[in-house]
Amino acid sequence: MWTYITVRILQSIVVVIIVAIASFAIFRILPGDPVAALSGEGEAISPERRAQVEEQLGLNKSVPEQFGKWIGDIVSSGDFGSSVLTNRSIGSELVQRLLNTLHVGFATIIVGMVVGIPAGVLSAIKPNSLADRLVTMLSVGGVAIPDYLTGLILILLFVVTWDVLPAAGFARVWDDPAASIRSLIMPTLVVGWVLSAIVARQTRSSMLEVMRQDYVRTARAKGLRERRVIALHALRNGLLPVVTIVGLLLARVFAGAVIVEQIFNIPGMGRWLVQAALQRDLLIVQAMILVIAIAIVIANLLTDISYGVLDPRIRYG
């Protein structure tokens, strides 16, 4: 087990290094003037401003020296540099933006699990029933309907028609619990519907497979109640494949954040990424690519390790 964990950690470190190299290099190998691009001023940059940007970003040094300094500053002090446009520290603002995105993200993952797992189990134990068809219909709709369309429909209903929720804004639960809950309802419904649809379909498929196993039939033959058979014998093993998609759910949270945070004016990573890309503040984009990659790698690592915890039969050499 420990050998497996060590190998997975080393593999994760290699992945992060590759992502760091790619995110650092991509803006330096694109056609055009990297100084003009990183300055955010385009070809209109003056010679004096060019020299200032080169000095500020270390672009007057060799590429290996630039990469070494960038990684060294991140590892030693969490310093991602400063925005060329605002001159504000990227690291400090990134922490606040990441907390806001994870604030919404954890709420959506909880909704996805709390709604998706029971819906998938219900669909599996009553195949081809009305409940099964309803779960299937909602799951297909959750995956097929774009996030922005769902968000606009919710705004039309809850804001324009009923006027019961704020159209935009954000508050953290530890700052103002009531305002936080109100501001989280619509973003959580948008992304949570997608996540619950994915979880429900995966749970249904897994549970249908488990329910056909010999140990489930044996438990029924012993006279155990159906609820006990499902809860103690089928559900635990049926949830193992669902654990696999937890890392994918985190990736889906970051992808959904780009749309949801724009629609509901949430100051998170997604909205910041869009703003930085439009303003050509490429140092911010570079930093966020690395942070999002690290978050997804950690989620996948924890997912792999949790297999051995959930199923003692699994052993790693």
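Is V164 buried, exposed or something in between, and what is its relative accessible area? I started my notes there. This is a predicted model, and V164 comes out as partly exposed, with a relative accessible area of 42%. The cut-offs are under 20% for buried and over 50% for exposed, so V164 falls in between.

**Entry 1, the patch.** I looked up where V164 sits and found it in the loop between α7 and α8 (177-210). I then checked its company on the surface. V164 belongs to a nonpolar patch together with I145, Y148, L149, L152, I153, L157, W162 and I259. Together these residues have about 780 Å² of accessible area. I noted that helix α7 (residues 147-161) gives the patch its largest share, 5 residues.

**Entry 2, the largest pocket.** I got a volume of about 390 Å³ for this one. I listed 20 lining residues, with Q56, L57, G58, K69 and D73 closest to the centre. For the lining, α1 (2-29), α3 (47-57), α4 (63-77) and α14 (282-310) each supply at least two residues. The largest share is from α4, with 5 residues. Sorted by class, I have 6 nonpolar, 7 polar and 7 charged residues in this lining.

**Entry 3, the second largest pocket.** Here I wrote down a volume of about 180 Å³. Its lining has 13 residues, and T86, E93, W272, Q279 and I284 lie nearest the centre. Both α5 (90-125) and α13 (269-278) put at least two residues into that lining. I sorted the lining as 4 nonpolar, 5 polar and 4 charged.

Technical notes:
Residues numbered from 1 in each chain as written. Predicted model: local features only at pLDDT ≥ 70, side-chain atom pairs only at ≥ 80, totals over all residues. Heavy atoms only, no water. Patch = residues over 30% accessible without salt bridge, like charges linked within 9 Å, V, L, I, M, F, W, Y side chains within 5 Å. Areas by Shrake-Rupley, 256 points an atom, 1.4 Å probe, with all protein chains shown as cover. Salt bridge = Lys/Arg side-chain N within 4 Å of Asp/Glu carboxyl O. Helix = DSSP H or I, 4+ residues; strand = E, 2+ residues; numbered from the N terminus. Buried < 20%, exposed > 50% of the residue type's maximum accessible area, 1.4 Å probe, protein only. 1 Å grid on protein atoms, 1.4 Å probe; cavity = no way out; pocket = protein on both sides within 12 Å on 5 of 7 lines; lining within 4 Å. Points joined across faces, edges and corners; volume = space filled by probe spheres on them. Nonpolar A, V, L, I, M, F, W, Y, C, P; charged D, E, K, R; others polar.
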